[in-house]
Amino acid sequence: MSSYIGDIAAMTSTQSTSSVKKSTDTFGLDMTDFLKMMVAQFQNQDPENAADTSEMLNQMVQMSMIQAIADITDAVSLSYSASLVGKEVTVGTFDSEGKLQEVVGTVTGTGSYNGSPVIYVDGQMYSMSSIMAVGRLPSTEPAQPEQPEQPDVTEPGGTGETGA
């Protein structure tokens, strides 16, 4: 078994260092970090109180499932952002005074910045979470009071029906 652990340790230490980690990673650890911790635990365990390998395997499966769900979520977000190209959107940004400014424009492109999907509206980059609406938001001006509806009367004192 120590040969297997050594193989995992060698695999994790020789992995490409050029792989980019998301700076906005929600979990803080990826599968490589988990494998490194697992190898360290096996290397430093008490021989008389060995770790339960089935529990480690269960944790590794759970970690793989979480990673797969995160990958699917990323793919769906990128697909959705791509579907917005050519459409008018309302994006919310805060100015220097902290007031919300609504920017209305056409999505000219999409991409990813620091691992998060972004859109480009009229040359400016915005996070997908900044989108307030696809299209324009309704006006916030007060509505004009409506005139009461007049009843439709076709005969004096009648209901508009004719006798049979």
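**A five-stranded sheet and a helix pair**

In this predicted model, strand E2 (residues 100-113) runs antiparallel to strand E3 (residues 116-121), and six bridges link the two. Two residues separate E2 from E3 in the resulting hairpin, and in its turn Asn114 adopts a positive phi of about 55 degrees. Close inspection of this pairing gives two handy landmarks. Ser112 has Pro117 of E3 as its bridge partner, while Val107 stands opposite Val121 of E3.

The chain then continues into another hairpin. E3 pairs with E4 in the antiparallel sense, here over four bridges, and Tyr120 is matched with Met125 in E4 as its bridge partner. This hairpin of E3 and E4 also has two residues between its strands, and Asp122 takes a positive phi near 50 degrees.

Both hairpins belong to an open sheet of five strands, which pair in the antiparallel sense and follow the order E4-E3-E2-E1-E5. At the edges lie strand E4 (124-127) and strand E5 (131-134), each of which pairs on one side only. From one strand to the next, the twist averages 45 degrees. As a general reminder, the strands of a sheet pair through backbone hydrogen bonds, in either a parallel or an antiparallel sense.

Attention now turns to the side chains. The largest nonpolar core has nine residues: Leu84, Val89, Val91, Val107, Ile119, Val121, Tyr126, Met128 and Ile131. Strand E1 (88-94) and E3 each supply at least two residues of this core. Val121 is a good residue from which to explore the region. Apart from its neighbours within four places in sequence, Val121 is in contact with Val89, Val91, Gly105, Thr106, Val107, Thr108 and Tyr126. A second, separate core contains six residues, among them Phe34, Leu35, Phe42 and Met56.

The helices offer a further view of the model. Helix H2 (residues 31-43) and helix H3 (residues 53-83) have axes that come within 10 Å and cross at roughly 170 degrees. With angles over 145 degrees counted as roughly antiparallel, H2 and H3 are therefore roughly antiparallel to each other. On the H2 side, the contact is made by Met31, Phe34, Leu35, Met38, Gln41 and Phe42, and on the H3 side by Thr53, Met56, Gln59, Met60, Met63 and Ser64. Of the residues in this contact of H2 with H3, eight are nonpolar and four are polar, with no charged residue. Phe34, Leu35, Phe42 and Met56, already met in the second core, appear among these contact residues too.

Definitions and conventions:
Residues numbered from 1 in each chain as written. Predicted model: local features only at pLDDT ≥ 70, side-chain atom pairs only at ≥ 80, totals over all residues. Heavy atoms only, no water. Pairing = 2+ DSSP bridges. Axes fitted to C-alpha atoms, helices over the stretch in contact; angles between N-to-C directions. Core = buried A, V, L, I, M, F, W, Y, C linked by side-chain atoms within 4.5 Å. Buried < 20%, exposed > 50% of the residue type's maximum accessible area, 1.4 Å probe, protein only. Contact = heavy atoms within 4.5 Å. Parallel < 35°, antiparallel > 145°, perpendicular 65-115°, else oblique. Nonpolar A, V, L, I, M, F, W, Y, C, P; charged D, E, K, R; others polar.
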